[in-house]
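Dear colleague,

Please find the structure below, with its sequence. My notes on what was found in it follow directly after.

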Amino acid sequence: YQNADGDIELTEGVRSLVSEADRIYIVACGTSYNAGLVGKDILERIAGIPTEVHISSEFGYNMPLLSERPLFVFLSQSGETADSRAVLVEVKKRGHKALTMTNVPGSTLSREANETMLLHAGPEIAVASTKAYTAQIAVLAILAYDIVRANGKELPFELMPELARVATIMDSVMSQKELFEDLAERYLKTTPNTFFIGRGLDASVCLEGALKVKEISYIQAEGYPGGELKHGSIALIEDGTPVIALISQPKTNLNIRSNVKEVVARGANACIISMQGVEHEDDEFILPHVEPLLAPLVTVLPVQLMAYYAALARGCDVDKPRNLAKSVTVE
Ligand code: M6R
């Protein structure tokens, strides 16, 4: 989907699917589902198209009332996930349209959908999905932008230069990866459990941080919206519980900081990862500023790296964690 000027433009096929739709249903599992949560915000806030995100294994058996002209977007790194395929088969039977976003050309979900957008993330070998997550978010942003452009509306910011800037920032975070080895050592090396807290888009990235930590370092981890803790889960905070807070969204900066104070008052060992514009000087790591809607592309790196180093520190196999397969081809 690159045009002759080197700019990104969707194919006519994808455009027509989207232009006919009155609502997007993103269907996915695991990390792809978590990327879908970010994509929902991007699609709604940039393109103004109502979007729902569903876990495939739930959606297949408990389908909600659908809008009149639904478009199903299947997010899947492998394109082979059986739970997602079961939904694709069902929605096609009902005559609905499907677009697959996948990293694997020719995969089942790609072949069986009406259209495909490839992630171009390069082969992802380790069981834990990492670069597919960021590629999915970038491709969903490209979709949102094209919808706005096709409707002749004004873009809130120029996407491609901002994505290029984000890529440079990602490189610079990766070049400081030893800092996250230190944070993993201090916060995660010996703990039996941990919380990742944030609000809005940061909360969605927290789900992904917790999934990465569970998957490769076997630490019981919860990703939680900061404001919801006091409705029950704060009971789990005790002396030394590591709480990793992601703070990139100006709208919720003050609220999440007061949630951090709440857990610290109950003994938590809080580690704040923030972004320029909402930072405090004693935050553990301050990321360079990016457009808040694209912040998940950058905030996910510290949590992925902390999960990675925690796994190494605990002697776990980061590439092949126990009980898991790269593609889940059974329902
Ligand atoms: O290939 P898919 O994106 O459809 O896979 C979905 C999940 O099985 C996958 O994201 C899984 O959660 C990863 N192991 C997470 O790191």
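In this predicted model, the ligand is surrounded by 14 residues (a residue counts if one of its heavy atoms lies within 4 Å of the molecule), and the closest are S32, S76, S78, T81 and E215. By class, this shell holds 4 nonpolar, 8 polar and 2 charged residues, where Ala, Val, Leu, Ile, Met, Phe, Trp, Tyr, Cys and Pro count as nonpolar, Asp, Glu, Lys and Arg as charged, and the others, Gly among them, as polar. The helix α2 (30-47) and the helix α9 (201-217) each give at least two residues to the shell, and α2 provides the largest share, with 3 residues; helices here are DSSP runs of H or I with at least four residues, and strands are runs of E with at least two, numbered from the N terminus.

As for polar contacts (pairs of N or O atoms within 3.5 Å), a polar side-chain atom of S32 lies 2.5 Å from an oxygen atom of the ligand, while a side-chain N or O atom of S76 is 2.6 Å from a ligand oxygen atom.

Elsewhere, the whole structure contains 17 salt bridges, each a side-chain nitrogen of Lys or Arg within 4 Å of a carboxyl oxygen of Asp or Glu. One of them joins K326 and E124, whose closest N and O atoms are 2.7 Å apart. Because K326 lies in the segment after α11 (296-313) and E124 in the loop between β5 (115-118) and α6 (131-150), this pair ties together parts 202 residues apart in sequence.

Residues are numbered from 1 along each chain as its sequence is written, and side-chain values use heavy atoms, with hydrogens and water left out. Local features need pLDDT of at least 70 and side-chain atom pairs count only at pLDDT 80 or more, whereas totals for chains, interfaces and linings use all residues.

Best regards

Key:
Polar contact = N/O pair within 3.5 Å; in protein donor to acceptor, adjacent residues only side chain to side chain.
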